[in-house]
Amino acid sequence: LYKLGEIDARSPASARSPSAAKKGAIIKLKKKAVNIKGTIILVTHKQTTGGYGEYPGYYIKGIAYGPEPPEEMPVSADPNVSLKKSGGM
């Protein structure tokens, strides 16, 4: 497996129960992993928020892994081309 990057997600504001908040955050985390072609997530941090009379929240953080190496940044074929943006005036 190849490490593809760290990802995190928060529960949606529309969550009205702790279980809905947790489920929403996990779904968002899975979607972020798929976007970077990850198939496995190692969860490194979980946190619940909200108390009595408050809306629940959930935060989850992890590392995405996949069977293929991550795509590298495209490198210009011409070494004289600068990657910096010009001020443009």
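This is a short talk about how one protein chain is arranged.

Hi everyone, and thanks for coming. A word of caution before we start: what you see above is a predicted model.

Let's begin with the overall layout. The secondary structure of this chain comes to one helix and three strands. If you walk along the sequence, you meet them in the pattern β-α-β-β.

Now, how do the strands sit together? A reminder for those new to this: strands of a sheet pair through backbone hydrogen bonds, and the pairing can be parallel or antiparallel. Here the three strands form an open sheet in the order β1-β3-β2, and the pairing is antiparallel. Which strands stand at the edges? They are β1, residues 2-10, and β2; each has a single partner strand, so one side of each has no neighbour in the sheet. On average, neighbouring strands of this sheet are turned by 10 degrees against each other, if we ignore direction.

Let's zoom in on one pairing. Strand β3 covers residues 57-66, and eight bridges join it to β1, with the two running antiparallel. If you'd like one bridge to find on screen, look for R10, whose partner in β3 is Y59.

And the helix? α1 lies across β1, β2 and β3, and it runs at about 145 degrees to β1.

Next, let me introduce a residue to follow: I36. You'll find I36 in the loop between α1, residues 18-35, and β2, residues 40-49. Is I36 buried, partly exposed or exposed? Its relative accessible area is 34%, and buried would need a value under 20% while exposed would need one over 50%, so I36 counts as partly exposed. Leaving out neighbours within four places in sequence, I36 touches L4, G5, I7 and A64. Take L4: I36 and L4 are 32 residues apart along the chain, yet their C-alpha atoms are separated by 7.0 Å.

That brings us to contacts across the whole chain. Among contacts between residues at least 6 apart in sequence, 62% join residues at least 24 apart.

Now for the surface. The chain has 89 residues, and 24% of them count as buried. It exposes about 7200 Å², with carbon and sulfur atoms supplying 56% of that area.

Last stop, the aromatic rings. How many aromatic pairs are there? The count comes to zero. There is a charge to look at, though: R16 lies over the face of Y55, at 4.1 Å from the ring centre.

That's my tour. Thanks for listening!

Methods
Residues are numbered from 1 along each chain as its sequence is written. This is a predicted model: local features need pLDDT of at least 70, side-chain atom pairs count only at pLDDT 80 or more; totals for chains, interfaces and linings use all residues. Side-chain values use heavy atoms; hydrogens and water are left out. Rings of Phe, Tyr and Trp (its six-membered ring) pair if their centres lie within 6.5 Å; planes under 30 degrees apart count as stacked, over 60 as edge-to-face and the rest as tilted. A charge sits over a ring if NZ of Lys or CZ of Arg is within 6 Å of the ring centre and within 35 degrees of the ring normal. Helices (H or I, at least four residues) and strands (E, at least two) are DSSP runs, numbered from the N terminus. Buried means under 20% relative accessible area, exposed over 50%, partly exposed in between (1.4 Å probe, protein chains only). Contact means heavy atoms within 4.5 Å. Accessible areas come from the Shrake-Rupley method with a 1.4 Å probe; for residues, only the protein chains shown count as cover. Two strands pair if DSSP finds at least two bridges between them. Axes are lines fitted to C-alpha atoms, for helices over the stretch in contact, and angles run from 0 to 180 degrees between N-to-C directions.
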